[in-house]
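Me: I'm new to this one and would like a quick tour. Can you put it up so we can talk it through?

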Amino acid sequence: MKDLRERLQSVISKIKRAPIIDEKTLNEILRDIQRALLYADVSVDLILQLTNNIKERIRKEKLPPGFSKRELLLKLVYDELIRMLGGEAKYKPLSKTGKTYTMILIGIEGSGKTTTAAKLAYFYKKRGFNTGIVCADNYRPGAYHQLRQLGEQIGVEVYGEANKSAVEIALHGIEYFKKKKIDLIIIDTAGRHKDEEELMKEMDRLIAEVNPDEVVLVLDATIGRQAEKQAEAFNRIAKVRSIIVTKLDGAARGGGALAAVVKTGARISFIGTGEKIDELEIFDPPSFVSKLLGLGDLKALVEKFKSYEELDRKRLEAISKGDFTLVDLLDQLLALRKMGPLKKILDLLPGGYSLPKNFEETSEENVKKWIAIMQSMTKRELLHPEIIDRERMLRIAKGSGTSIRDVKALLKSYRMTKSYLRKFAKQRKKIPLGI
Ligand code: GDP
Ligand code: MG
């Protein structure tokens, strides 16, 4: 992941350094992102999807007041990488239920099953689970020994038997640990077979007999986008509930592996980030992407966007309830020069409401005038227009280069819109609405 991290971080500093974010710079930056992802073995369709999304969003999304285009671009790169890696939601680990939970790890040889079995046992042990590991790998003589050693290191018991079939060992192991009231049983399996088909067949049989609560596929990140095929192949035979992607620490193609797995619709639960027992992390796309982009300061930026979005949403809610101030009107006019968002709110309502006529007929010239008028008002006037007397009107008209008549017309339109919004807010109360 180091290469991808370095490449993406250099894109980020390019965004930060660019004198302006114009079409040319944007295209250059998107090309750099494409190149970085291509090196990480992300498939071309996913890359194009990501850069097209950024391009479209930067064109469409309104720039919140106080934000620069540069900041919006940084935020979009962050957003779209998260989307590519499965979205905001973080995997929720198991919680204790009082019942024994069984988990079986499958995957090809060398993918990291045995190491991961021990890592998982350790992870849950730290969270207060009694854990036990069953070594159902009867192919490799050293397998049981390897697990025993790992188990000793973390104080977790390992169950194994010689000269038995994997199914027998797994069933005996479950029985053994259930008697001990173990919370979580992790079954490690073999991955060595003469071909993939044989392995699939055996896993199919094993899972049918053992009937675990969860089938976990362990995938090696170094295979890059091939992970998609592997995930699909395993998913055909067994209902894979979650995927653990290992060796992300060294894998140049790790990004490609993660994106490919996400593409199959599978859930990545954990990632392996080293050989050591505690090098297992819950997969959390936002924090993963933050690390990838190396953005301590991006975090603050993202928070800033979030709080703005929240504010915006709250304002929209308030407006839809009829709580509409001149400040909102000014915001709307400034941001869109049209009554776009207000119209949108109306569109959400049943009954085909439309804007009052005087608003629909608002000409571009009027909009300009209104903006100038409102910009000449004090904050208090904007929030409490009822205090605007003749004297104030005169001042506002002078300040905005308009006439008292214009100021009056604006205030009248505002009052009409407000009472109109109030009216349908009341009506709306009678109609259940999902906004
Ligand atoms: P298995 O055949 O699927 O059971 O795979 P093993 O658990 O035996 O692991 C194969 C090799 O990969 C071992 O050398 C492990 O130390 C190594 N390995 C497993 N997980 C990781 C990881 O997250 N990072 C790194 N760097 N190595 C890992
Ligand atoms: Mg193994």
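Reply: Here is a short walk through the chain, its ligand and a few residues. It's a predicted model, in which local features need pLDDT of at least 70, side-chain atom pairs count only at pLDDT 80 or more, and totals for chains, interfaces and linings use all residues. Residues are numbered from 1 along each chain as its sequence is written, chains are lettered from A and ligands numbered from 1 in the order in which they are written, and side-chain values use heavy atoms, with hydrogens and water left out.

Me: Cool. How many helices and strands does the protein chain have?
Reply: There are 19 helices and eight strands in the protein chain. Those are DSSP runs numbered from the N terminus: helices are H or I with at least four residues, strands are E with at least two.

Me: And what share of the residues is buried?
Reply: 49% of the 435 residues count as buried. Buried means under 20% relative accessible area, exposed is over 50%, and partly exposed is in between, using a 1.4 Å probe and protein chains only.

Me: Where does ligand 1 sit?
Reply: In the second largest pocket. A pocket here is an open set of points on a 1 Å grid over the protein atoms alone, where a 1.4 Å probe fits, with protein on both sides within 12 Å along at least five of seven lines. A molecule sits in one if more than half of its atoms lie within 2 Å of its grid points.

Me: Which residues come nearest to ligand 1?
Reply: Of the 17 residues around ligand 1, the nearest are Gly110, Lys113, Thr114, Thr115 and Asp249. A residue counts as near if one of its heavy atoms lies within 4 Å. Helix α5 (residues 113–126) gives the largest share of that shell, four residues.

Me: What about polar partners for its oxygen atoms?
Reply: A polar backbone atom of glycine 110 is 2.7 Å from a ligand 1 oxygen. A backbone N or O atom of glycine 274 lies 3.2 Å from an oxygen atom of ligand 1, and for an N or O atom in the side chain of lysine 119 the distance is 3.3 Å. Taken alone, ligand 1 exposes 580 Å², and the protein buries 79% of that. Those areas come from the Shrake-Rupley method with a 1.4 Å probe.

Me: Switching topic: what does the side chain of arginine 57 make a polar contact with?
Reply: The side chain of glutamate 80, at 2.8 Å. A polar contact is a pair of N or O atoms within 3.5 Å; within protein, one must be able to donate a hydrogen and the other to accept it, and residues adjacent in sequence count only if both atoms are side-chain atoms. Arginine 57 is in helix α3 (residues 44–60), while glutamate 80 is in helix α4 (residues 69–84).

Me: Is glutamate 80 buried or exposed?
Reply: Glutamate 80 counts as buried because its relative accessibility is 2%. Arginine 57 is buried too, at 18%.

Me: And asparagine 211, buried or exposed?
Reply: Exposed, because its relative accessible area is 61%. Asparagine 211 is in the loop between α8 (196–210) and β5 (214–220). Beyond four places in sequence, asparagine 211 touches Thr102 and Leu206, where contact means heavy atoms within 4.5 Å.

Me: Last one: how many residues of helix α11 are buried?
Reply: Seven of the nine in α11 (residues 285–293), including Phe288 and Leu292. Just after α11, glycine 294 takes a positive phi of about 60°.

Notes:
On a 1 Å grid over the protein atoms alone, a cavity is a set of points where a 1.4 Å probe fits but cannot get out, and a pocket is an open set with protein on both sides within 12 Å along at least five of seven lines; lining residues have an atom within 4 Å of a point.
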